[in-house]
Amino acid sequence: RISKCGLQITPSHYVAIGQLNTEVQQWHLGVDLVPEGFDLLIKRDDKTGIGLSGNKVRKLQFLMAEAIDVGADCVVTIGGTQSNHC
């Protein structure tokens, strides 16, 4: 599918930028903070191997692949106002 601005909506491939097979770990907060019978798990996207968090790296993998496909000579991406992606 193609979006209104001509971009492919469903990515067909990506450019490997970071280590995105980061681990999922149990997060121990203390007995009073997590209800009995629940486990709290956290995805370690701080271990992608680069200074950006995992969601930004995942986004850039697909954007860069598409930029290469269309022969772009520059890429500009932005994040939301609360983001450190600029």
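Here is a short tour of the model, stop by stop.

Before you click anything: this is a predicted model, where local features need pLDDT of at least 70, side-chain atom pairs count only at pLDDT 80 or more, and totals for chains, interfaces and linings use all residues. Residues are numbered from 1 along each chain as its sequence is written, and side-chain values use heavy atoms, with hydrogens and water left out.

Start with the whole chain in cartoon. You get 1 helix and 2 strands, in the order β-β-α from the N terminus. Both kinds of element are DSSP runs, numbered from the N terminus: helices are H or I with at least four residues, strands are E with at least two.

Switch on the surface. The accessible area is about 6,900 Å², with 57% of that on carbon and sulfur atoms (Shrake-Rupley, 1.4 Å probe; for residues, only the protein chains shown count as cover).

Next, select Tyr 14 and Phe 62, an edge-to-face aromatic pair with 5.9 Å between centres and 65 degrees between planes. Rings of Phe, Tyr and Trp (its six-membered ring) pair if their centres lie within 6.5 Å; planes under 30 degrees apart are stacked, over 60 edge-to-face, the rest tilted. Tyr 14 sits in the segment before β1 (24-26), while Phe 62 is in helix α1 (residues 54-70), 48 residues away in sequence.

Is Phe 62 buried or exposed? Neither: Phe 62 is partly exposed at 33% relative accessible area (buried is under 20%, exposed over 50%, partly exposed in between; 1.4 Å probe, protein chains only).

Last stop: Asp 45, in the loop between β2 (41-43) and α1. Asp 45 is buried, at 18%.
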